[in-house]
Amino acid sequence: MNLDKLLRNNIRSLQPYSCARDEFKGEASVYLDANENPYNAPFNRYPDPLQWEVKEQITRVKGVPAENIFLGNGSDEPIDLLFRAFCEPRIDNVVAIEPTYGMYKVSANINDVEYRKVILDENFQFSADKLLDATNLYTKIIWLCSPNNPTGNSLDRNEIIKLLTSFEGIVVLDEAYIDFAAEGSFSEMLSHYPNLVILQTFSKAWGSAAIRLGMAFASTEIIAVLNKIKYPYNINILTQKQALLALKNDAQVKQWVKTLLAERAVLVEALQQLPIVQHIYPTDANFVLVKVDDANALYHYLVDKSIIVRNRNTVSLCLGCVRITVGTPEENRILLEELKKF
């Protein structure tokens with residue numbers, strides 16, 4: 001892969017902003033370089049712009065070298081940065097499966113980049129050949145999400161590999177829900193595919209959606225590009241500190257995942273007994289996509305009962321569907337009681 005060929009011209013020639021903490025690395029006794037207020041420690045100091053301590057703990061847990069990690073303000077930041085780095089507005093395009101996570105299309109629209117959708121089949125699977133057929137010389141990125149949102153299923157690994165070996169641009173694989181899946185992450189294959197970018201997050205299995213921390217795993221060359229164009233101090237010190245606490249408690253996260261998977265099975269079994277449920281789609285995530293008799297009516301009924309699910313009725317291939325996140329046993333019990341009354 002020729003990364004220079006993929007990059008936008010202005011990004012290739014960009015001289016990045018150099019902040020004070022980029023110029024000096026390490027510990028000092030007196031800091032007089034960044035025009036900080038010397039009082040109110042530790043909040044008076046700018047945070048580590050490259051978050052090395054957090055990345056080292058992610059390496060311990062995920063097995064991805066620190067130099068292959070980019071941290072963003074949620075996964076939405078690396079999604080946006082990838083558009084800004086590789087896609088020339090009104091010239092280049094991207095290809096994505098449909099249905100999938102909506103922020104890929106939103107970011108494409110914000111960056112004025114053509115977004116080409118390829119509909120999944122009836123089993124919510126994709127064909128690498130069909131995605132490739134949708135590309136042209138101006139296609140810079142292909143977007144995949146596995147397990148996919150809102151469908152919940154994992155994509156065919158053989159088709160993903162075929163895409164990685166056939167496409168000369170960037171392939172982004174969003175693994176936000178990978179902790180709940182039976183199959184492992186593609187992160188172990190980063191060294192084999194220099195065009196692969198993997199997205200993961202602290203928002204799902206890690207129970208830390210509020211701290212807004214997303215991870216991108218990629219080659220050192222792609223990580224360097226993302227670091228080049230990100231805001232200097234994109235991850236604040238509060239988020240970094242909370243992430244370190246979470247990473248030191250990874251055993252608890254594994255227990256949460258185990259509990260949620262057990263609850264998911266209980267929820268699915270109970271939903272199958274309800275007459276309003278037409279079909280429950282297979283899921284490898286912490287949610288289930290459920291086809292019901294009247295998704296709009298059910299959604300509004302549950303809202304009136306202070307229960308919020310996601311109405312996916314207008315999404316491609318999801319007519320009549322609601323997406324239900326697996327909650328605590330008590331939350332799931334309350335939901336099921338109301339569903340029985342509907």
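The following exchange examines a predicted model, beginning with the whole protein and ending with helix H13 and strand S11.

Colleague: Why is the protein called as compact as a globular protein of that length?

Modeller: The protein contains 13 helices and eleven strands. Its radius of gyration is 22 Å, and the globule rule gives 20 Å for 342 residues; the two values are close, so the description applies. Along the principal axes, the C-alpha atoms fill a box of roughly 70 × 50 × 35 Å.

Colleague: What share of the residues counts as buried, and what does the word require?

Modeller: A residue must have under 20% relative accessible area, and 51% of the 342 residues count as buried. The accessible surface comes to about 16800 Å², and carbon and sulfur atoms hold 50% of that area.

Colleague: What part of the contacts joins residues 24 or more positions apart?

Modeller: Among contacts with a separation of 6 or more, such pairs account for 70%.

Colleague: How do you know that the span of helix H13 is close to the expected one?

Modeller: Helix H13 covers residues 329–341, which is 13 residues. The expected span is 1.5 Å times one less than that number of residues, and this gives 18 Å. From first C-alpha to last, H13 reaches 19 Å, close to the expectation.

Colleague: What makes you say that the buried residues of H13 line one face?

Modeller: The buried residues are Asn332, Leu335, Leu336, Glu338 and Leu339. Seen down the axis of H13, they fall within an arc of 165°, so they line one face of the helix. In general, an α-helix has 3.6 residues a turn, so residues three or four places apart point the same way.

Colleague: Which residues of H13 are exposed on the other side?

Modeller: Lys340 and Lys341 are exposed there, a term that calls for over 50% relative accessible area.

Colleague: What covers the buried residues of H13?

Modeller: The cover includes helix H11 (250–271), helix H12 (295–304) and strand S11 (321–325).

Colleague: Why is S11 called mostly covered?

Modeller: Four of the five residues of S11 are buried, each thus under the 20% limit of relative accessible area.

Colleague: How do you know that S11 pairs with strands S9 and S10?

Modeller: Pairing needs at least two bridges between the strands. Strand S9 (residues 287–292) is joined to S11 by five bridges in the antiparallel sense, and strand S10 (residues 310–311) by two, also antiparallel. Both counts therefore satisfy the definition. Arg323 in S11 stands opposite Leu289, and Arg310 also stands opposite Arg323.

Notes. Residues are numbered from 1 along each chain as its sequence is written. This is a predicted model: local features need pLDDT of at least 70, side-chain atom pairs count only at pLDDT 80 or more; totals for chains, interfaces and linings use all residues. Side-chain values use heavy atoms; hydrogens and water are left out. Buried means under 20% relative accessible area, exposed over 50%, partly exposed in between (1.4 Å probe, protein chains only). The arc is that of the directions from the helix axis to the C-beta atoms. Contact means heavy atoms within 4.5 Å. The radius of gyration is taken over C-alpha atoms; the globule rule is 2.2 Å times the number of residues to the power 0.38. Accessible areas come from the Shrake-Rupley method with a 1.4 Å probe; for residues, only the protein chains shown count as cover.
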